[in-house]
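Dear colleague,

Please find below the structure that I promised to pass on to you. My notes on it follow directly after.

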Amino acid sequence: MSQPDAAMISSVTSAAGKVIPELVLLGTVCINFLVGPFLVTPSGRALPGLRHRWGGIAIAAICTALYLWWTGSTEVVTTGPFRVDNIVWYVRGVMLIAALLLVLVNWSQIEDGKAAESHACLLAITAGVNLVALANDLTTLFLALELISIPTYLFLFLPRKDAATQEAGVKYFLLSVFSSAIMLYGFSLIYGMAGTTDLPAIQTALANSNQTPVLAILGMVFVVAGLAFRLTAVPFHFYAPDVFQGSAASGAALLSFVPKLAGFIALIRLLEPVVDAAPGLLLADVMLPMLWWLSVITMFVGNFLGILQNDLRRMLAYSGVAHVGYMLVGLNVGHHTTSVPDGIEALLFYLAVYGLMTIGAFAVLIAAERDNKPLETLDQLAGLHRVRPGLALMLMVFMFSLAGMPPTAGFLAKLNLFFAAWAQGDVSNRWLALFMVINAAMGSWYYLRVVGAMYLREPLDEHHGSHAPAPIIASVACTAMVITLFFVPTWLWTMVQTVRSS
Amino acid sequence: MDGLFAVLIYTGVLVGFVITNLILTHIIGPTKKTAVKQMPYESGMDPVGDARQPFDVKFYLVAILFLIFDVELLFMYPWAVAAYKGDGGVPAELSSTVYGVMLVFFGTLAIAYIYAWRKGVFKWR
């Protein structure tokens, strides 16, 4: 064994210093698991109001992480197990803010006796997403992805004890394990080709190999398939509607955004070295057509099936599938040339906006819940503007944003993706842009149906829903951001552009 | 190839030991034929009948706990072997970092252990 050089040693010893916000989150997770069970009797009973304390601790931890993120160093480091660059900076910001919103969404959904575990899982998931962005090594990447999925099983399972929740939890568990296995198989093939798990070293190995990297192609196909499960890209989407329908609304809100964010960041991280290293080789010729088809099929299937749904959470699940199709457009056109706007930039912008609108929509659904039972059908929203005009207005904003109509940020996000695809100039990408427009029109049907039910129909009964403040705060914050981002989008767009310039 | 030759001898001894034992038990072992003993061995389950029997969830908890501590032990082996080997092992500059990593690992497991204990996983109810 050769003696390691000083750079390698310092990259190991300094690794902990690069993940301080995540260490804060994981430290809080440890406190929750250590102290949580001592405040609950063995039969699971707890002081009423305990969940407010755990929620407050989670918020405090996330705010500390946000502060450390904002004041932390922005020095770019590309060696070692963690890679610190502007993508990391951006993802940390987006995920920490999303985590704040998710804590608020989860606040009233969880019993007092289970609040410690539930919020701990949420914090662990947040740290996992940040670590996915930080990963500079296949091993780190896999561990970070598992740090997201394992707490997610618990998070889905904890809120309710009925058969539907358990079915949803088990379904997600089995499929997630399956997808992890597929992805790990792909990693092992890439490792077999390159002889290393270090991403920059894999890029060098690919660039220097003079024959077609068959193993790497096969490996990447498996990895994309494994990640497509998390993204709920067609044909790996089939579990999403069932799981969304069965789990509590906070679980569905988490699933609708967090795995997609992690999956896209992992794909950006993996595809860039692999495709850029060998742009003329078969790799690009295989990967990009595959992503093209994945994107087109995902858009159409998501929207077609979305139209057929009557269950709100199933509809939002298919809406998520369709949005993954749009975002795959960005991934698809991100690797061609240096045109403006760049596909990856548009994708990162879209991810942030999509998170706001989907978490916001679920927050409204939670605020409109009756007797702690989640809203199920569209009929239960009928005439919402009569009983809760504020909630109806906010849900309308989110539906307009999901459909991509002004004056909401969803419109700008879609416009960016469209221009990114159109500006590439070659025929296949222009088709992609056209398919996106057709799908946006198809999608508006089922979003507008929700708005129609709220505003044009009479209420079925005089039920006012809950007045718990947490989900209302979350939805007001999301509405404010979705509308502000339409009128002043430049700051976010500048952030996204600095991400790409690094 | 010397190292591989040792492996070959080891494999030979291993296979020979298993075969010898199988033959010996047949020759010198007592043979009392009862219905239970004639059944195919299936880890204590009845091999005949419906396979879909309810299975107490306690067994899974114990299995998971066993796995956790088993993996913990496996993780300690490479550390214990490499950390204090000197030449060819963990370089001297890294040994304190690696020691810290192991402490964090044990600390996390201790928290998990306390959690499991407090939740009553060790009680056979």
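How far apart do the end C-alpha atoms of residues 97–116 of chain B lie, and what percentage of the span is helix? In this predicted model, the two end C-alpha atoms are 29 Å apart, and the span is 100% helix and 0% strand. These residues belong to a UniProt annotation: an unreviewed entry there lists residues 6–29, 59–77 and 97–116 of chain B under "transmembrane region". For residues 6–29 of chain B, the end C-alpha atoms are separated by 33 Å, with 96% of the span in helix and 0% in strand.

Contact between the chains

Chain A and chain B each contribute twelve residues to the contact. On the side of chain A that touches chain B, α1 (6–13) and α2 (20–35) of chain A each provide at least two residues. That side of chain A consists of ten nonpolar and two polar residues, with no charged ones.

Nonpolar core

The largest nonpolar core comprises 183 residues, and V132(A), Y350(A), I359(A) and L395(A) have the most contacts inside it. Helix α14 (residues 343–367) of chain A gives this core its largest share, 20 residues. As for L395(A), its contacts beyond the neighbours within four places in sequence are A361(A), V364(A), V450(A) and M454(A).

Surroundings of V91(A)

Helix α4 (residues 86–107) of chain A contains V91(A). Is V91(A) buried or exposed? V91(A) counts as buried because it has 25 C-beta neighbours inside 10 Å, where 20 or more are required. Leaving aside neighbours within four places in sequence, V91(A) touches V129(A), N130(A), A133(A) and I265(A). I59(A) is 32 residues from V91(A) in sequence, and their C-alpha atoms are 18 Å apart in space.

Packing of two helices

Two packed helices are described by the angle between their axes and the distance between the axes. For helix α13 (residues 312–333) and helix α17 (residues 409–423), both of chain A, the axes come within 9 Å and cross at roughly 35°. The crossing of α13(A) and α17(A) is left-handed. Here Y326(A), V329(A), G330(A) and V333(A) of α13(A) meet K414(A), L417(A), A420(A) and A421(A) of α17(A). By class, the residues of this contact are six nonpolar, one polar and one charged.

With kind regards

Terms used
Residues numbered from 1 in each chain as written. Chains lettered and ligands numbered in written order. Predicted model: local features only at pLDDT ≥ 70, side-chain atom pairs only at ≥ 80, totals over all residues. Contact = placed C-beta atoms within 7 Å. Helix = DSSP H or I, 4+ residues; strand = E, 2+ residues; numbered from the N terminus. Nonpolar A, V, L, I, M, F, W, Y, C, P; charged D, E, K, R; others polar. Core = buried A, V, L, I, M, F, W, Y, C linked by C-beta atoms within 7 Å. Buried ≥ 20, exposed ≤ 12 C-beta atoms within 10 Å, placed from the backbone. Axes fitted to C-alpha atoms, helices over the stretch in contact; angles between N-to-C directions. Left-handed = near helix turned anticlockwise from the far one by under 90°. UniProt positions renumbered as here; feature names shortened; annotations may be inferred.
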